[in-house]
Amino acid sequence: MITIDLDNKFAIVSDGEVIKLVQKDGRKKGKGGTPSGRKWWFMTYGQAIKFYEKEVDADKPIHSLRELAKQIDSGYKRIEIMVDQKLKEAGIE
């Protein structure tokens, strides 16, 4: 089981077959160490990350296209590094 905490509210959890994005509710973890809370299922990490970015950035005002591009680029890079690190730790390339 791989758990990647994206921030204090969201985590990506994978058992090797299914990838879940979990919006944590602060309660105890469920079976297999999955945080409790609202869940979405995805086939790829990229899908989960794109959905996460939409959920998190929905409340933030964007004033220009340049600002939007910078926000998306920095968010994806940060998450991509976290995912790559966790996969390497788990022995998945």
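The following dialogue reads the sheet, the core and the salt bridge of a predicted model.

Colleague: Which elements make up the secondary structure of the chain, and in what order do they run from the N terminus?

Modeller: The chain comes to two helices and four strands. From the N terminus on, these elements run β-β-β-β-α-α.

Colleague: In what order do the four strands stand in the sheet?

Modeller: The sheet is open, its order is β1-β2-β3-β4, and the pairing is antiparallel. β1 (2-5) and β4 (37-42) each have a single partner strand, so one side of each lacks a neighbour in the sheet. From one strand to the next, the twist averages 20°.

Colleague: How many bridges join β1 to β2, and which residues stand opposite each other?

Modeller: Four bridges join β1 to β2, which spans residues 10-14, and the two strands run antiparallel. Ile2 stands opposite Ser14, and the bridge partner of Thr3 is Val13. The two strands form a hairpin with four residues between them.

Colleague: How many bridges join β2 to β3?

Modeller: Five bridges join this antiparallel pair. Phe10 of β2 stands opposite Gln23 in β3. The hairpin of β2 and β3 has four residues between the strands, and there Gly16 takes a positive phi near 100°.

Colleague: How should one read the two faces of a strand, and which residues of β2 lie on each side?

Modeller: In a regular strand, side chains alternate between the two faces of the sheet. In β2, Phe10, Ile12 and Ser14 lie on one side, while Ala11 and Val13 lie on the other. Both faces are covered, and these residues are all buried. Put as a count, five of the five residues of β2 are buried. For the chain as a whole, 31% of the 93 residues count as buried.

Colleague: Which residues of the largest nonpolar core touch the most other members?

Modeller: A nonpolar core is read as a set of buried residues of certain types, joined through side-chain atoms within 4.5 Å. The largest one here has 17 residues, of which Ile4, Leu6, Ile12, Leu21, Tyr45 and Val83 touch the most other members. At least two residues of this core come from each of β1, β2, β3 (19-24), β4, α1 (45-57) and α2 (65-89).

Colleague: Which residues does Ile12 touch?

Modeller: Leaving aside residues up to four places away in sequence, Ile12 touches Ile2, Thr3, Ile4, Leu6, Ile19, Lys20, Leu21, Tyr45, Ala48 and Ile49.

Colleague: What fraction of the contacts in the chain join residues at least 24 apart?

Modeller: Among contacts between residues at least 6 apart in sequence, that fraction is 37%.

Colleague: How should one read a salt bridge, and how many does the structure hold?

Modeller: Side chains of opposite charge can pair when their charged atoms come close. The structure holds one salt bridge. In that pair, Asp5 and Lys24 have their closest N and O atoms 3.0 Å apart. The pair links distant parts of the chain, with Asp5 in strand β1 and Lys24 in strand β3, 19 residues apart.

Colleague: What relative accessible area does each partner have?

Modeller: Asp5 has a relative accessible area of 45% and is partly exposed. Lys24, at 25%, also counts as partly exposed. The class follows from the cut-offs, because buried means under 20% and exposed means over 50%.

Colleague: How much surface does the chain expose, and what share do carbon and sulfur atoms supply?

Modeller: The chain exposes about 6,600 Å², and carbon and sulfur atoms supply 54% of it.

Methods. Residues numbered from 1 in each chain as written. Predicted model: local features only at pLDDT ≥ 70, side-chain atom pairs only at ≥ 80, totals over all residues. Heavy atoms only, no water. Pairing = 2+ DSSP bridges. Axes fitted to C-alpha atoms, helices over the stretch in contact; angles between N-to-C directions. Buried < 20%, exposed > 50% of the residue type's maximum accessible area, 1.4 Å probe, protein only. Contact = heavy atoms within 4.5 Å. Salt bridge = Lys/Arg side-chain N within 4 Å of Asp/Glu carboxyl O. Areas by Shrake-Rupley, 256 points an atom, 1.4 Å probe, with all protein chains shown as cover.
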